[in-house]
There are 2 protein chains.
Amino acid sequence: DLLAAIESRFSSTSDAKPLSGCRVIVTSGPTHEPIDPVRYIANRSSGKQGHELAAAAARLGADVTLVSGPVSIAEPAGVRIVRVSTAEEMLAAVKHALPADIAIFAAAVADWRVATPNTSKIKKSTSDAPPALTLAENPDILKTIAQLRKGRPPLVVGFAAETNDVVAHAKKKLKSKGADWIVANDVSSPIGVMGGERNAVHLLTSAGVESWPEMSKTEVAIRIVTRAAAHLATLKRDAAE
Amino acid sequence: DLLAAIESRFSSTSDAKPLSGCRVIVTSGPTHEPIDPVRYIANRSSGKQGHELAAAAARLGADVTLVSGPVSIAEPAGVRIVRVSTAEEMLAAVKHALPADIAIFAAAVADWRVATPNTSKIKKSTSDAPPALTLAENPDILKTIAQLRKGRPPLVVGFAAETNDVVAHAKKKLKSKGADWIVANDVSSPIGVMGGERNAVHLLTSAGVESWPEMSKTEVAIRIVTRAAAHLATLKRDAAE
């Protein structure tokens, strides 16, 4: 079956370096969008899945740039780390890391930022109503890179963290963003995806949807990166023919 | 001078346990106020100063309850830890931990929460404007406990994290909250108070303002807790007379 095939491919190539000579960009963690110097809006994200992806790509021989939002987990060995805070900084860092063969956008980027952050701490006044937060849409990093006319990585992978209608939302995302693959997961799952060690994902490609069983985030990363290496090899072979 | 006096008092009592038999509540870290299952509003706070205060009080013999928001630092030894996420949960945990002889509110509590958090992830739609976030005022934990008619801890200490007019804002806070002491710091200071290891604070009491030199957060904690122990001893002596 499929998983056995992936496993055998991985075990047969784990000593070889199928991504040797390849450049891989991975984003990971949340972004923090400032309200004022002490307050911010954020997404829940430990960065564990993204960091595991970067580590897995490095183990397969890739030259990896990990663009990470604020996280408190250990940095993977053997990768170049660029630390950012906001979505705008993350997009700039990704662009700066191009060109790449594979781009995997696993970060939980805030969709919105506060339009005009206060430069000093907003004071709470007992007489005033709470401040209204006017939000502005953040750049869409996945869409921006997936729709680049020049320098688009040959394989662009997005993540979709959903709490309901997971596959339906992810299918829509695959199409609207122009990504090659979407890795979708149900972050409201009782296995405790957010902050936890395990994940249960669906891989959406042009060929359809594969629903993988629950496994560790390390295993999810190894399987995605191994698949990406195989896909890249196919693309290169097709281009050479 | 003052600091030498404090230091000598500390060194002379560090083997004794001046807070033995005393109950101390410390709050620490930020609160996270949900926007939806994956997004939240937060304050920047590592929890380092609060955790150091709890550790210092425990070393002086106190029975310590540390009510902590989401942090990624190590838990101090010898204290009872109650983990919370939101301001409302933090207030409930503090009330539950009463009675106490000393309450130190070092957490960076979000002043506002989202009035009605979404139960499912808010979808970004390209056609729609960003969602408007209607905020509601959070309970004021310091004020609530400082103004308790029954069961108010004899010593209530608040923290003020400011980015400008630090002492002026803190003086206002001392009065408006009904706290006994306010520990104020300039979180925009170039020493990097937020997330860093060092702090430079002002201690505001009914007697006036003391501006302490920059020191480690551990030292700040030891001095505050040692002062609190001495103050408590004075209160008990006065009450006994």
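Reader: Through which surface do the copies, chain A and chain B, meet?

Author: Good place to start, and keep in mind that this is a predicted model. Take the interface residues of chain A and ask how many of them are also interface residues in chain B: the share is 100%. The copies therefore meet through the same surface.

Reader: What kind of axis relates chain A to chain B?

Author: Let's build it up from a general idea. Two copies of a chain are related by a rotation about an axis and a shift along it. Here, chain A is superposed on chain B by a rotation of 180 degrees with a shift of 0.0 Å along the axis, and the RMSD is 0.0 Å. That relation is the one given by a two-fold axis.

Reader: Which residue of chain A comes closest to the rotation axis?

Author: For this one we look at C-alpha positions in chain A. The smallest distance to the rotation axis is 2.2 Å, and the residue found there is I41(A).

Reader: How many helices and strands are there in chain A, and how compact is the chain?

Author: Happily, both parts have clear answers: chain A holds six helices and 14 strands. For 241 residues the globule rule gives 18 Å, and the radius of gyration of chain A is close to that, so the chain is as compact as a globular protein of that length. The radius of gyration itself is 19 Å.

Reader: Is G50(B) buried or exposed?

Author: First find G50(B) in helix α2, residues 48-59 of chain B. Beyond its sequence neighbours up to four places away, G50(B) touches V26(B), T27(B), S28(B), L66(B) and A106(B). Buried means under 20% relative accessible area. The value for G50(B) is 2%, so this residue is buried.

Reader: Where is S85(B), and what is its relative accessible area?

Author: S85(B) sits in a loop of chain B, between β5 (80-83) and α3 (87-97). Setting aside neighbours within four places in sequence, its contacts are T31(B), H32(B) and P70(B). S85(B) is partly exposed, and its relative accessible area is 22%.

Reader: What percentage of the residues in chain A is buried?

Author: You have just seen single residues in chain B, and now we can turn to a whole chain. Chain A has an accessible surface of about 10600 Å², with 52% of that belonging to carbon and sulfur atoms. Counting residues instead of area, the buried ones among the 241 in chain A make up 52%.

Conventions: Residues are numbered from 1 along each chain as its sequence is written. Chains are lettered from A and ligands numbered from 1 in the order in which they are written. This is a predicted model: local features need pLDDT of at least 70, side-chain atom pairs count only at pLDDT 80 or more; totals for chains, interfaces and linings use all residues. Side-chain values use heavy atoms; hydrogens and water are left out. Helices (H or I, at least four residues) and strands (E, at least two) are DSSP runs, numbered from the N terminus. The radius of gyration is taken over C-alpha atoms; the globule rule is 2.2 Å times the number of residues to the power 0.38. Buried means under 20% relative accessible area, exposed over 50%, partly exposed in between (1.4 Å probe, protein chains only). Accessible areas come from the Shrake-Rupley method with a 1.4 Å probe; for residues, only the protein chains shown count as cover. Copies are superposed by least squares on the C-alpha atoms of residues with pLDDT of at least 70 in both. Contact means heavy atoms within 4.5 Å.
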